[in-house]
Amino acid sequence: MKIKIQRESLVEYEVNLKDATLLAVLGEIKTTQDSSLTYASGCRSSVCGSCSMRVNGREVLACSYKVQDGDLLEPLKNVPVIRDLVVDMDKAYSFNQLSKAWINSLSPTPQVSQENEKINEVQSDCILCGSCYSACPVYAVNPEFKGPFALTRVWKYVSDVREGESKEKIDTIQTNGVWDCTLCNECTLVCPQDISSKSDIEKLRARSAMAGYSDPSFASFGGGFGFDGSPSF
Ligand code: SF4
Ligand code: SF4
Ligand code: FES
């Protein structure tokens with residue numbers, strides 16, 4: 001089986017492993033062929049999120065993906081490459097902080113029902129693998145977009161009944177936030193935890209509208225629609 005890895009240039013390797021995970025194949029190459037090959041890994045069980053990379057243009061976790069002959073491996077997109085398949089996630093993670101993705105102020109009566117817990121249960125499963133960030137097309141035009149995983153975290157805390165100041169979070173995500181998303185759904189398709197950041201962003205847009213905000217691209221349109229749906233200027 002042959003695979004190609006995008007390093008400083010494209011390098012092809014031959015490996016004799018069957019039904020192996022990508023992480024096992026990378027380990028085999030590093031041990032037996034090229035000790036300079038660099039990649040990140042930790043738990044080997046889809047929990048730590050450190051081994052995400054792209055295969056044939058699609059984000060995967062190397063520890064769960066089964067390698068196919070002819071696969072092309074590349075590092076994540078939208079982040080600086082440190083070396084080979086290792087990327088620098090510092091700026092991507094800083095969007096959690098910029099978005100205030102945490103519990104700000106505990107409400108005085110934090111009664112959490114089972115129903116409340118279910119509202120943001122899946123969002124708690126994010127392993128910060130960065131796959132959604134890499135797949136998001138918005139970074140090609142706006143590197144300051146707060147992005148899918150940070151906005152998913154904001155939804156997690158905005159929808160948490162214990163949060164006493166959710167309006168402040170909604171204020172924070174108006175610039176380079178919910179309105180910059182194109183709702184293309186690429187983030188959802190690559191998430192190994194079945195989280196839909198697109199859907200979380202839609203819910204945050206609805207909360208933003210309830211707080212009096214609207215899509216700034218409509219505000220700059222300068223017109224409106226008549227009762228029959230035709231544009232008026
Ligand atoms: S739905 Fe929004 S956040 Fe998700 S990939 Fe598309 S533009 Fe990015
Ligand atoms: S939302 Fe999904 S794809 Fe994005 S960082 Fe979290 S686990 Fe990874
Ligand atoms: S090594 Fe932890 S998610 Fe793959």
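## Starting in a loop

Let's begin with asparagine 16, which you'll find in the loop between β2 (10–14) and α1 (22–32). Is asparagine 16 buried or exposed? Asparagine 16 has a relative accessibility of 73%, so it counts as exposed; the cut-off for that label is over 50%. Keep in mind that everything here comes from a predicted model.

Now pick out glutamine 111 as well. Counting along the sequence, asparagine 16 and glutamine 111 are 95 residues apart, and their C-alpha atoms lie 57 Å from each other in space.

## The whole chain

With that loop in view, zoom out. The protein chain has nine helices and nine strands. If you follow just its C-alpha trace, the chain spans about 65 × 50 × 30 Å along its principal axes.

How much of the chain is buried? Of the 233 residues in the protein chain, 42% are buried. The accessible surface of the chain comes to about 12200 Å², and carbon and sulfur atoms account for 51% of that surface.

You can also ask who touches whom. Take the contacts in the protein chain with a separation of 6 or more: 62% of them are between residues 24 or more positions apart.

## Three more loop residues

Back to the loops, starting with glutamate 8, which sits in the loop between β1 (2–6) and β2. Glutamate 8 counts as exposed because its relative accessibility is 86%. Its C-alpha atom is separated by 28 Å from that of phenylalanine 145, and the two residues are 137 residues apart along the chain.

Next, have a look at the loop between α1 and β3 (52–55), where arginine 44 is found. The backbone of arginine 44 has a phi near 60°, a positive value in a residue other than glycine. Serine 46 is in the loop between α1 and β3 too, and serine 46 also isn't a glycine, yet its phi is positive at about 60°.

How exposed are these two? Arginine 44 has 53% relative accessibility, so it counts as exposed. Serine 46, at 24%, counts as partly exposed.

## A helix under cover

Helix α5 (residues 148–158) is a good one to find next. How many of the residues of α5 are buried? The count is 11 of its 11 residues, so this helix is mostly covered. Among them are Phe149, Leu151, Trp155 and Tyr157, along with Arg153 and Lys156.

What do those buried residues pack against? Their partners are α2 (90–98), α3 (114–119), α4 (131–135), α6 (166–172), α7 and α8.

Proline 148 belongs to α5, and it counts as buried because its relative accessibility is 3%. Leaving out residues up to four places away in sequence, proline 148 touches Cys132, Tyr133, Cys136, Tyr139, Cys187 and Ser197. Valine 161 is 13 residues from proline 148 along the chain, and the C-alpha atoms of the two are separated by 22 Å.

## Ligand 1

Where does ligand 1 sit? Its place is the second largest cavity. Two elements give two or more residues to the shell around ligand 1: α7 (186–190) and α8 (197–210).

In total, 14 residues surround ligand 1, and the closest are Cys136, Cys181, Cys184, Asn185 and Cys187. By class, the shell of ligand 1 divides into 10 nonpolar, two polar and two charged residues.

## Ligand 2

Ligand 2 sits in the largest cavity. The residues around ligand 2 are Cys126, Ile127, Leu128, Cys129, Gly130, Ser131, Cys132, Phe149, Cys191, Pro192 and Gln193. Which classes make up this shell? Eight of the residues are nonpolar, three are polar and none is charged.

One member of the shell around ligand 2 is Ser131, and it's worth a closer look. Serine 131 is in helix α4. With 1% relative accessibility, serine 131 counts as buried, because the label applies under 20%. Setting aside its neighbours within four places in sequence, serine 131 is in contact with Ser52, Glu59 and Val190.

Terms used. Residues are numbered from 1 along each chain as its sequence is written. Chains are lettered from A and ligands numbered from 1 in the order in which they are written. This is a predicted model: local features need pLDDT of at least 70, side-chain atom pairs count only at pLDDT 80 or more; totals for chains, interfaces and linings use all residues. Side-chain values use heavy atoms; hydrogens and water are left out. A residue is near a molecule or strand if one of its heavy atoms lies within 4 Å of it. On a 1 Å grid over the protein atoms alone, a cavity is a set of points where a 1.4 Å probe fits but cannot get out, and a pocket is an open set with protein on both sides within 12 Å along at least five of seven lines; lining residues have an atom within 4 Å of a point. A molecule sits in a cavity or pocket if more than half of its atoms lie within 2 Å of its grid points. Ala, Val, Leu, Ile, Met, Phe, Trp, Tyr, Cys and Pro count as nonpolar, Asp, Glu, Lys and Arg as charged, and the others, Gly among them, as polar. Helices (H or I, at least four residues) and strands (E, at least two) are DSSP runs, numbered from the N terminus. Buried means under 20% relative accessible area, exposed over 50%, partly exposed in between (1.4 Å probe, protein chains only). Contact means heavy atoms within 4.5 Å. Accessible areas come from the Shrake-Rupley method with a 1.4 Å probe; for residues, only the protein chains shown count as cover.
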